[in-house]
Each structure stands twice: as structure tokens, then as C-alpha cells.
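Me: Could you take a close look at the salt bridges in this one, and at how they relate to the contact between the chains? I'd like one connected walk-through rather than a list.

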Amino acid sequence: MPVEALFAISPRPGLADPVMQSQTVFRTVMAALAEPGTIHALPETLTGTIDAPAPITPAAAAILLALADYETPIFLDEAARNADVGAFLSFHCGSRITDSAGEASFALIADPTSLDRLDAFAPGTLDYPDRSTTLIVQVAELGDVSGEGSVRLRLTGPGIADTARIGFGPVNAGLVAALADNRARFPQGVDLIVTDGAGILGLPRSTRIEEEGF
Amino acid sequence: MSANAAAEAARPYNYAYLDEQTKRMIRRAILKAIAIPGYQVPFASREMPMPYGWGTGGVQVTASIIGPSDVLKVIDQGSDDTTNAVSIRKFFEKTAGVAVTTATTAASIIQTRHRIPETPLGAGQVLVYQVPIPEPLRFLEPRETETRKMHALAEYGLMHVKLYEDIAKHGRIAKTYDYPVMVGGRYLMDPSPTPKFDNPKMHRSPALQLFGAGREKRIYAVPPHTDVVSLDFDDHPFEVNKFDKPCALCGATDVYLDEVILDDRGGRMFVCSDTDNCETRRADGHRGELLGNEEPRA
């Protein structure tokens, strides 16, 4: 096969400086999960350089490039399940793309309006609750929301001094109830990283979630 | 080639010593540890260029989180100047190119062996503990399978019995360090062998607290603003260590003191274990017994 043909099918580039950029991404995700309800932004200099195949946003791509590898099967929701995404992630991360949500370490949710339940993902066991899926949920808006189908939440729990208020969406109408069920399973459960393309919001299983009206 | 990439190429090993796959594995463990406060996440601990017991767990955690913009402080029993603290600080200066400090307030990451700084920590700071035995139940139940089941079922009666037996034997809970805590009302946690004097500082601290046990291959965490409650009984409430005298050098009364033998005729002094706190107070004009007992001029 001529080299030009290889270029034609090769996936798009990943992180330009994997060592330092992975550290930046990780620290942002760590801060987000340690302080649920606070949006932590990835630097524009980082997200601006990432050209991931649709529908992965730069932030979601950065998180997977920084944290996923051959030890972590990735589940793609229906909206994200295409050959380009699969080739991009398996090339850069070396991760296996899995059809089974229950064995995934990471799950990429490109269309949260169809995410109505969380119990299909791995919740870990009572002995090993860490063996659970981390969902990366791409939303259109994060922070102040007004749009149709978005939710406003009141958060309490570890990482939150008193109460935090945050909105995002649009998401499935059943997601808030699913998040409450997820909290009720503690210490089992899944953890969510919600991103709008630059900002990152952590929703670990330890966070208590109530819906607020508009 | 960018400046970063050039520096990278010139370095004989990867940034912050660990290879990237190891860092990813540890980073994933840290994220799960934060999501399940107090739960010990198993991780594939690596050989480090220092022996077990010298802080290999804490060093691996720090190496996985640290970046060039961080400012690192390392303390050993409160001191910035002891061998362990100095060598770990140098290790990260060399391998991660970070700025280091002894000032608690200037640090973004503080790696500690068995003390929490006296200066209250702030939001955004990360405190990394070096932990020898992460399992609080280990000396009561040697089998990992059993202690894991106890954590799964939140069955911590054994620890309460141990504390009760202390009271029956000694009239009080005799544990003065390594004092067990409940995190977030769910997991029994070993705060590492910090004096119980420091336990109240963990409660609802605005800083993120990460714990690394290298030999035992466990990472656990207490996120900011999380309840950390020392176990006790209604009629034997938890109390911190009290000291009869103030610090002999800076006159502080509300701090943890070390006893230092001065001569072979019984001479001794009590002095701040937190050297940064003591030095800051002396710079502010506070004087203890051995320095003339002056209070700062108004």
C-alpha cells in the first residue's frame, strides 16, 4: 500500500504534547470531581489544538486521551458509535471499544437526551466499588441554562461547602431520577464527568442531587 | 520543536519520573478514590528509587498529579528539614522541575509524613499523605478478605470493641496517633500515623487530601468539605493531645509540640513540630521561654 493511502485512513492527531497536556487535563478533572458543582475549564490552548472526529467534543476527547488506555474498555453511545471515533480512540488510547456498557471503564455519551438510566453501566461491587464506569457526558450548555430539556440541580455532599447549584442540558427527562438512584446505591455507582466542550463538571456518586425548578 | 518538547527530549527519563501508563493508572485510582471518600482503591504500586517506608505511596501520588506550575512543600513529622523531606523535595525538583517552598501558604501540593500543617489549608491545595498501613482494621483482623467484607458491609463493630477495651483497661482511649476516623459517614479510615491532635484539621478541610500507601498498594482520598469524624463514645468523647507548656521557641500554645532533650541532666524543651509555623511566628516577633519570652511589640 502506498504511504499516501495510509495517510488517508489514519486517524486525526491526538494530544500535541501528551505528557504535559495529560497532566493538565487530569488536574482539571480531579478538581472537578473533588468540587462537584464547580465548573473547571480546560485551557483554550489545549482544547483548541484537538481535532477529534464528530461528535466528540475537544474536552471529551482530551479526557479520554489523558485517562484511557489498553486497560480501560470504552463504551460509545449510539450517537458516538462510528468508525472514525472508534479508530481515533483505539489508535491513540489503545483502548478496546466495547458494546457492553457493563464492562466499560469509560463511557462516552454524545447524546444525553437518550441517556435515561445509569444501571446498565458497571457500578462496581460492594467489595470493590472502584471497578465502575466513568461516564463522559457531552452537553450543549453547562452552567446557566435556559434551554429546552435542560435541568437545574441543587447539589450537596463531599466536595461542596454548603450547597451548589448547577445546570446543564439538554438531557433525558429521566436522568435526574437515575442520578438519585445512583446516589442511593452508594458506595456502588457510576461517576459522571459532564462537559460542554471546554468546561468540566464532576458529578461523583457521592453527590446528593435534587432538581430545582426554573 | 516546542520549548517543552525540547526540554522533554533533553530529560533522561519521563516527566516526574513515572512512565505515562503508570500515571494514567494512578490517576484513574485517584479519581475513583475521590468519588468514594475513605475507600481504599487498590493500585499497581511501582518500585520507586527509594525503599518502602520512605514514602513511595505518597511519591507516586505526587508524581501523578504534579505539573510545572505547582509549588511543592514536603514535610516529615512537621519539619521541612529532615532527610526524608529534603530528599523527596529534591527528587521532584530534579524530575518534575517544580518550584519548592517551605511556606505552607505558598504551596499548591504538600506531601506529608505524619503531620498536618498548623496553618489552615485553603481551597485548591492538595495534601498528599504517606501511609504505611492503610487498613485501620488490619491489627484487629489480619485477613484482607475479612476486612474488605467489613468495609463492604460498613461493619465496624470490631473497632468500637477495641476502643472500648482501651477504656476498660486504661480508663481512656489510649490511641494517640493513627486514630481511626469515619469519612462521609460511611468508610472507616486510617488517617496515617498522624497524631490525633491533627484529626480535627481533616474535618471539612477546604483542601483535597490524598493518601498513598506504596507497599500496601492502596490510594484513598478525602475530598474538600467532607465530614471526618474521630470515633468515640458519648461518655468518652474524642479529645486532642494537650501540652503543659507552650513552644519554647515561639511561645505557641495551640500547636503540636515535640520533646527535645537538651543535655544529659534531664534538660528538655518542647518545641513546635511544624517548623514553618514556628519560624513564621518567630519572624513575627513571638518569643518562647528559651528566647526571652517577649511578646511582639504593638
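Reply: B:Arg148 is buried, with a relative accessible area of 8%. Keep in mind that this is a predicted model. The partner of B:Arg148 is B:Glu144, and their side chains meet in a salt bridge at 3.0 Å, N to O. Both sit in helix H5 (residues 144-152) of chain B, four residues apart, or about one turn of the helix. B:Glu144 comes out at 29% relative accessibility, so it counts as partly exposed, the cut-off for buried being under 20%.

Now for a set that goes beyond a single pair. A:Asp69, A:Glu71, B:Arg24 and B:Arg28 are joined into one network by salt bridges that share partners. One of the links is A:Asp69 to B:Arg24, where the closest N and O atoms are 2.9 Å apart. A:Asp69 lies in the loop between helix H4 (58-67) and strand S2 (74-76) of chain A, while B:Arg24 is in helix H2 (residues 20-35) of chain B, so this pair joins two chains. Both A:Asp69 and B:Arg24 are buried.

Back inside chain B, B:Glu118 and B:Arg115 pair up as well, with 2.8 Å from N to O. Those two are both buried.

How many salt bridges does the structure hold over all chains? The count is 29, and six of them are found across the interface of chain B and chain A. Another pair to look at is A:Asp127 with B:Lys149, whose closest N and O atoms are 3.5 Å apart.

As for the side of chain B that touches chain A, the elements giving two or more residues to it are helix H1 (3-10), H2, strand S1 (41-42), helix H3 (56-65), H5 and strand S8 (208-213). H2 of chain B gives the most, with twelve residues. Sorted by type, the residues on that side are 22 nonpolar, eight polar and twelve charged.

Zooming out to the whole interface, 42 residues of chain B are in contact with 40 of chain A. The two chains bury about 3,300 Å² between them, 62% of it on carbon and sulfur atoms. On the chain B side, B:Arg28, B:Leu31 and B:Lys32 lose the most area to chain A, together 19% of what that side buries. So B:Arg28 turns up here as well as in the network with A:Asp69, A:Glu71 and B:Arg24. Polar contacts between chain B and chain A come to 18 residue pairs, both residues at pLDDT 80 or more.

Technical notes: Residues numbered from 1 in each chain as written. Chains lettered and ligands numbered in written order. Predicted model: local features only at pLDDT ≥ 70, side-chain atom pairs only at ≥ 80, totals over all residues. Heavy atoms only, no water. Salt bridge = Lys/Arg side-chain N within 4 Å of Asp/Glu carboxyl O. Buried < 20%, exposed > 50% of the residue type's maximum accessible area, 1.4 Å probe, protein only. Contact = heavy atoms within 4.5 Å. Buried area = accessible area lost by both parts, 1.4 Å probe. Polar contact = N/O pair within 3.5 Å; in protein donor to acceptor, adjacent residues only side chain to side chain. Nonpolar A, V, L, I, M, F, W, Y, C, P; charged D, E, K, R; others polar.
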